[in-house]
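Visitor: I'm new to this molecule and would love a close look at one part of it. Could you take me through it slowly?

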Amino acid sequence: MRLTHVAHLRLPFGRVMGYDLTVGATGERLPVSFDQERHVGQGDRPGSWMAITVRLPAVDLDRLAEAWLAVVRRHGTLHTVFSLDDDGDVELHEVEVGPGSWREHPMAPGTRLSDAIRGVLDEHCRPLSRPSHRLCVVQSHDRPTVVIGSDHAHVDMWSLLVVVRDLLRELGHTASEALPRAFSSHTESLLGRERPPQDIRDRWAEVLGACGDTMPRFPLPLGDVTTPVLERVEVRDVLDVDAMAWLERAARAQGVSTLALVTSVMTRVTRSLADAPFRAVFPVHSRYEEIWHDAVGWFITNAVIDSPDPDPTACAAAVKEAIRLGSWPLADVFAPYGGMPQSPGMFAFSWLDLRRLPVHVDHVGLEAQYVSAAGRTDGVMVWFVLDEGGVHLRCRYPDTAEARASVGGWLDAVVDGVRRAARDAGTTLEVDGERLRVERAERTDVPAIVALLADDPIGAAREHGTASIYQEAFDSLVRDPSQLVVVVRDGDEVVATAQLTILPGLSRGGTTRMQVEGVRVAPRWRSRGLGGAFMAWAHEHGRARGARLSQLTSDTSRDAAHRFYERLGYEPSHVGFKRPL
């Protein structure tokens, strides 16, 4: 899923329509969570929202409005509103919501569509709006784009997926009859929990004390941020799906999670650039029980991660501790400080693996985008999001000369470190007493790959294209995320190659397959174990990409190859056919 910022939002041009729900009188008063109170207590303001966009098939606006109203009524927090009493205390009340009407949001000549959407969400998705969420539609020439925004007090990123999924179900008349629990019930249950044990309080105090009795701050200069300044947002694609699989392989080899391995990189970079431990606010979700998986709300609480040692095992322990520190109600933890002790320069780091969530939408087919608001900031916030397309990063920080140098340099080093960890992951093969490396093929490897493909009587008869044809074919493979061309290197020499293709499918219960093509080993490395080791690597890669079956074809005249594949567990269970087109 694309992780973006409203200034970088990609939308087709069209009319912007917004749906005005009717909101009735204030009803029952509900409990307010610790984070909601902090957020809403800062007052009404623009830029406190988050949003998601999806492209839908053609849909009637009245039908869309009906489905949206059903979603709002389904989730308790979407039909509640915040207010401030005479003393400035935050209150939350239920309200009745009913059908409303569509209205067009006019755009002045020359206005960018992203700026128009920002204006609409800034106006309607404020902490004290009634309601503080908004359904918009961009009506373009082909199909509509739906934009769903909400003040952060009512949603988190997980919740936005739930909202989109439920909207699609309503449009398809397949909504579940079971209603999810309201977020206010979650708040009430947390208020009733026992107080944090003393060791949790002591550890919080120790970490905050090391930061000057405040939440962790970015350890490099940010310039003058005594008051919030205009923000700068960077969005980076860190790893594609194959490189992500390699990174996960490296983590497994060291007995840690991918999160712990990335934390190791950030710890090493922070120690190198700032001579300081990696300390950051670490948001963790509070959906401790399955009953909250389909609910909508701000199910996020804050922990702190304290990672002085870049060893991956030590970083895994630091992550585990952070999750435990965030597993207790924080009001008691922060009571000695008069609330969460926050100061300019606060540093936060968030991790979300969409593949692990129990809520799924077809974000590729829907062209889904997570969108953050624009505003001012005095701190640094880094998000990592993992999905079926790879690892993505977004960072928000003060737009000062010092912060550009400090945060930009830190991000460069972190991205480079993560890529290096993926590149080095599990790429060494021990074969016949020598160490060989498996790597993604580069464009400069194409002549060597073609030479391997042509190095037998069958290949020599069919590999007769020009160099430019092979280069163009390689470029097409690189652009296709389902394709991976790999080589094995003995020093600088390419001694083996293969093409691996990931094939989603409906048959065999929706089994994803890996197709293995073009396996070749240089003559001097044949019968020495390289082929078997290389194929074992390929099988592990396929598993990391979600494949449950590996398949290949081999020319009927290649008897030795058939025996080789059968030794690896392949069965000649099918007859293959080929036809020129």
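Which strands does helix α4 (residues 157-171) lie across, and at about what angle does helix α4 run to β3?

Guide: Happy to help! This is a predicted model, in which local features need pLDDT of at least 70 and side-chain atom pairs count only at pLDDT 80 or more, while totals for chains, interfaces and linings use all residues. Residues are numbered from 1 along each chain as its sequence is written, and side-chain values use heavy atoms, leaving out hydrogens and water.

Helix α4 lies across β1, β3, β7 and β12, and its direction makes an angle of about 35 degrees with β3. Contact means heavy atoms within 4.5 Å; angles run from 0 to 180 degrees between N-to-C directions, with axes fitted to C-alpha atoms. Helices (H or I, at least four residues) and strands (E, at least two) are DSSP runs numbered from the N terminus.

Let's settle on β12, one of those strands. Strand β12 covers residues 369-372. Gln369 and Val371 point one way from β12, Tyr370 and Ser372 point the other way, and all are buried, that is, under 20% relative accessible area (1.4 Å probe, protein chains only). In a regular strand, side chains alternate between the two faces of the sheet.

Now for the neighbours of β12. Strand β1 (residues 2-5) runs parallel to β12 and is joined to β12 by four bridges; two strands pair if DSSP finds at least two bridges between them. Within this pairing, Thr4 stands opposite Val371. Strand β3 (residues 49-55) also has four bridges to β12, but in the antiparallel sense. There, Ala51 is the bridge partner of Val371, and Thr53 stands opposite Gln369. So Val371 faces Thr4 in one pairing and Ala51 in another.

Stepping back, β12 belongs to an open sheet of eight strands with mixed pairing, in the order β1-β12-β3-β7-β6-β2-β5-β4. The edge strands are β1 and β4 (80-84), each pairing on one side only. From one strand to the next, the twist averages 25 degrees.

Helix α4 is not alone in lying across strands of this sheet: helix α3 (residues 113-124) lies across β2 (15-30), β3, β5 (90-104), β6 (133-139) and β7 (145-151). Helix α3 runs at about 160 degrees to β6.

How values were computed
Buried means under 20% relative accessible area, exposed over 50%, partly exposed in between (1.4 Å probe, protein chains only).
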